[in-house]
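Ready to work through a few exercises with a viewer at your side? Load the model, and then try each task before you read its solution.

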Amino acid sequence: MMNFVEDLRWRGLLHDIMPGTEEKLAEGVTAGYIGFDPTADSLHVGSLLQILTLVRFQKAGHKPFALVGGATGMVGDPSGKSAERNLLSEDILNHNLAGIKNQLEQFLDFDCGANSAEIVNNYDWFKNFTFLDFIRDAGKHITVNYMMAKDSVKKRLESEVGMSFTEFSYQLVQGYDFYYLWKHKNCVLQMGGSDQWGNIVTGTEFIRRKDGGEAFAITSPLIKKADGTKFGKTEGGNIWLSADKTSPYQFYQFWLNASDADAENYIKIFTFFTQNEVEELINNHLESPHLRLLQKTLAADITTRVHGQNALETALKTTDFLFNNGSLDFLKQLSTHQVLQIFEGIPQFTINKDEIETGIEALTLFAERTKIFTSKGESKKMIDGGGVTVNREKVTLSSKIFSELDLINNQFLIVQKGKKNYFLVIAS
RNA sequence: GGGGGGGUUCCAGAGCGGUCAAAUGGGACGGACUGUAAAUCCGUUACUUCGGUUUCGAAGGUUCGAAUCCUUCCCCCCCCA
C-alpha cells in the first residue's frame with residue numbers, strides 16, 4: 001500500500017508536517033480530517049485539492065473525516081483575510097452545507113470497513129455548547145498570548161482594519177473541533193492548506209494542554225500558477241465543482257487551457273497517476289508539445305472524476321466542434337436537439353424571433369438583448385478591436401444588422417468573444 | 001484634547017482653476033504570432049440616441065469654468081498629551 005506522506009511529498013503537496021506524524025501513520029489505520037468552510041453552496045477547484053488529499057489518505061488505508069463547518073462557518077475564518085468577513089445568515093449557511101456535503105459524498109468511500117469515510121458537522125457539538133461552558137472548558141486552556149502570536153491574528157492587529165472578537169475566537173473554535181474529534185472519534189491528524197497551520201496547531205496544543213494527548217498536522221502548499229497569479233480563476237470567476245455554476249464543458253476547458261508549466265504541476269496535484277505514469281506523460285508531452293497531451297489527459301481525468309464519464313464526452317464533443325471541425329455546414333445538418341446538445345455548457349441567450357426578422361443592430365443584440373457585453377460602448381470597442389465573431393465570421397462594423405438570414409437552421413447565432421468564449425443565441 | 005497628513009477611474013498612484021474622462025505602472029480584456037501553451041509586440045480599459053451625459057469620500061458654495069479654491073460633514077493614518 002502507498003505511503004501517504006511519501007505520496008504527498010513527490011507530488012509537491014507537503015508544505016509542513018508535524019514531527020512524528022509519519023511514524024504515527026506507519027503504525028496502522030489512522031484517522032485524520034480536513035475541514036471545509038460553507039462559504040458557498042459548492043466547493044471549487046481550490047478545495048478539490050483538499051478533497052483529493054482525503055481520498056489519497058483513504059487509499060493509503062487510513063480513515064478520513066470530512067468536517068463541514070456548520071459552526072465555524074458562523075464565525076468566519078480570518079486566516080489569509082485582510083478584512084473582517086461578513087457573517088452568513090443561517091438559511092444560506094444550511095443551504096451551503098447541504099451542497100458541500102453532497103459533493104464530498106461523491107469522492108469518498110463510505111462503505112469499506114475500518115477506514116470508511118465519515119462526514120461530520122461541527123454544529124452538532126457546538127449547538128448545545130453554551131458560551132459560559134465554552135469559555136470555561138475551552139478558553140481556559142489556551143492563553144490569549146498564544147492566540148495573538150498567530151500570523152493570521154498578528155497581521156490583522158497590525159493592520160488598519162483591526163479584528164473583531166468573533167474572528168479572534170475562530171482559532172479556538174476550530175481548535176476545539178480537533179479536540180472533539182480526537183476525544184470522540186480517535187482522530188489524531190488534521191490536514192489542510194498552509195493557511196490553516198496556525199489553526200491546526202492551536203488544536204494540537206489544545207489537546208495536549210487539556211488532556212495531555214498527542215495529535216498531528218500536515219499542510220499542503222498554496223497552489224499558484226507558474227506566473228505567480230491565483231489558481232482557479234478565469235474571466236468568468238471561480239471554477240466550481242458544481243455543474244450548475246461551472247458547466248462540465250467550462251470545467252474541461254479550464255484544465256485544457258493550463259500552460260505547460262502548470263499542467264505539469266496540476267497532473268501531480270489533481271490526479272492519481274503514479275510517479276512513473278506522470279513522468280512518462282511529461283516526456284511524451286515534451287516530444288510533441290503541440291499535441292497538448294498533458295493538458296488533455298489532465299482535463300479528461302479531472303472532469304471524469306468530478307462530473308462523470310458522460311459529462312466528459314459531452315464536453316469533448318463540444319470542444320471538438322468548437323475548436324477542431326466546427327464548420328457551419330456540419331451544424332446545418334443537425335437537428336435542433338443535436339445543436340443544443342453540442343452547445344450544452346455554453347452560455348446561451350434567447351431572443352425574440354419576430355425582432356430578428358425585422359433586424360437587430362449588433363450593439364443592441366450584444367448589450368441589450370443578451371448579456372454578451374455589458375454595454376454598447378464595450379461592444380463597439382470589442383468589434384472595433386476585431387474581437388467579435390458571429391457564425392465564424394468576424395464582425396467588422398458595429399452598425400451591422402442581424403436578420404433572419406443570419407440564423408443558422410433558422411434559429412441560432414454563434415457568437416464568439418475573442419477566440420475561446422462562445423455564446424449561443426437562440427431565436428424563438 | 002492639541003498638531004500634521006490623507007480619501008482620485010479595478011488596484012497602486014500623479015494631477016492641485018481651463019489644454020482632465022483625468023499622466024504612469026499593474027491588472028483585466030481583445031488583436032498578431034502559436035500548440036485553445038509560454039514569451040513578445042500592438043490595441044482597449046465611465047455611459048451614450050455619438051449631440052452630449054454622469055465621474056475624482058458626501059453635501060453645499062465661489063467662479064464664465066473646479067478633481068483642483070471655500071464651508072460643513074463622514075472616514076483613515078501619523079505625532080504630541
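The exercises below go from the overall chain to its sheets, a helix, the RNA surface and two single residues.

This is a predicted model, in which local features need pLDDT of at least 70 and side-chain atom pairs count only at pLDDT 80 or more, while totals for chains, interfaces and linings use all residues. Residues are numbered from 1 along each chain as its sequence is written, chains are lettered from A and ligands numbered from 1 in the order in which they are written, and side-chain values use heavy atoms, with hydrogens and water left out.

**Exercise 1. Describe chain A as a whole.**

Solution.
- Begin with the secondary structure: chain A has 22 helices and 15 strands. Helices (H or I, at least four residues) and strands (E, at least two) are DSSP runs, numbered from the N terminus.
- Next, take the extent: along the principal axes, the C-alpha atoms of chain A fill a box of roughly 80 × 50 × 40 Å.
- Then turn to burial: 50% of the 428 residues of chain A count as buried. Buried means under 20% relative accessible area, exposed over 50%, and partly exposed in between (1.4 Å probe, protein chains only).
- Finish with contacts, meaning heavy atoms within 4.5 Å: among those in chain A with a separation of 6 or more, 73% join residues 24 or more positions apart.

**Exercise 2. Trace the six-stranded sheet and find what packs on it.**

Solution.
- Read off the strand order: this open sheet runs 1-6-5-2-3-4, with mixed pairing. Two strands pair if DSSP finds at least two bridges between them.
- Look at the edges: strand 1 (16–17) and strand 4 (118–121) each have a single partner strand, so one side of each is left without a neighbour in the sheet.
- Inspect one pair: strand 5 (residues 187–193) and strand 6 run parallel and are joined by five bridges. Here Gly192 stands opposite Thr219 of strand 6.
- Add the helices: helix 3 (residues 45–59) touches strand 2, strand 3, strand 5 and strand 6, and its direction makes about 165 degrees with that of strand 2. Helix 12 (residues 197–211) lies across strand 1, strand 5 and strand 6, at about 175 degrees to strand 6. For these angles, axes are lines fitted to C-alpha atoms, for helices over the stretch in contact, and values run from 0 to 180 degrees between N-to-C directions.

**Exercise 3. Do the same for the five-stranded sheet.**

Solution.
- The order is 9-15-14-11-12 in an open sheet with mixed pairing.
- Strand 9 (348–351) and strand 12 (393–394) are the edge strands, pairing on one side only.
- Helix 21 (residues 362–369) packs on this sheet, touching strand 9, strand 11 and strand 14, and makes about 115 degrees with strand 9.
- Strand 11 (residues 388–390) and strand 12 run antiparallel, joined by two bridges; Val390 has Glu393 as its bridge partner.

**Exercise 4. Is helix 13 mostly covered or mostly open?**

Solution.
- Count first: eight of the nine residues of helix 13 are buried, leaving the helix mostly covered.
- Then name some of them: they include Tyr249, Phe251, Trp255 and Leu256.
- Last, see what covers these buried residues: among the elements are helix 3, strand 7, helix 14 (260–270) and strand 15 (421–427).

**Exercise 5. Characterise the surface near RNA strand B.**

Solution.
- Near means that a heavy atom of the residue lies within 4 Å. Of the 28 residues around RNA strand B, Asn257, Asp260, Thr319, Gly377 and Met382 come nearest.
- Check which elements contribute: helix 22 gives the largest share, four residues.
- Split the RNA atoms within 4 Å of the protein: 75% belong to sugar or phosphate and the rest to bases.
- List some atom pairs: a polar side-chain atom of Asn421 lies 3.1 Å from a phosphate oxygen, and a side-chain N or O atom of Lys381 is 3.4 Å from a phosphate oxygen. A base nitrogen is 3.4 Å from a polar backbone atom of Pro289.

**Exercise 6. Compare the settings of Ser116 and Lys225.**

Solution.
- Place Ser116: this residue is in the loop between helix 5 (90–105) and strand 4, and is buried because its relative accessible area is 10%.
- Examine its side chain: a polar atom there lies 2.8 Å from the backbone nitrogen of Cys112 and a polar atom lies 2.8 Å from the backbone oxygen of Gly113.
- Place Lys225: this residue is in the loop between strand 6 (216–220) and strand 7 (233–234), and is partly exposed because its relative accessible area is 28%.
- Leaving out residues up to four places away in sequence, Lys225 touches Lys230, Phe231, Asp262 and Tyr266.

Technical notes. A polar contact is a pair of N or O atoms within 3.5 Å; within protein, one must be able to donate a hydrogen and the other to accept it, and residues adjacent in sequence count only if both atoms are side-chain atoms.
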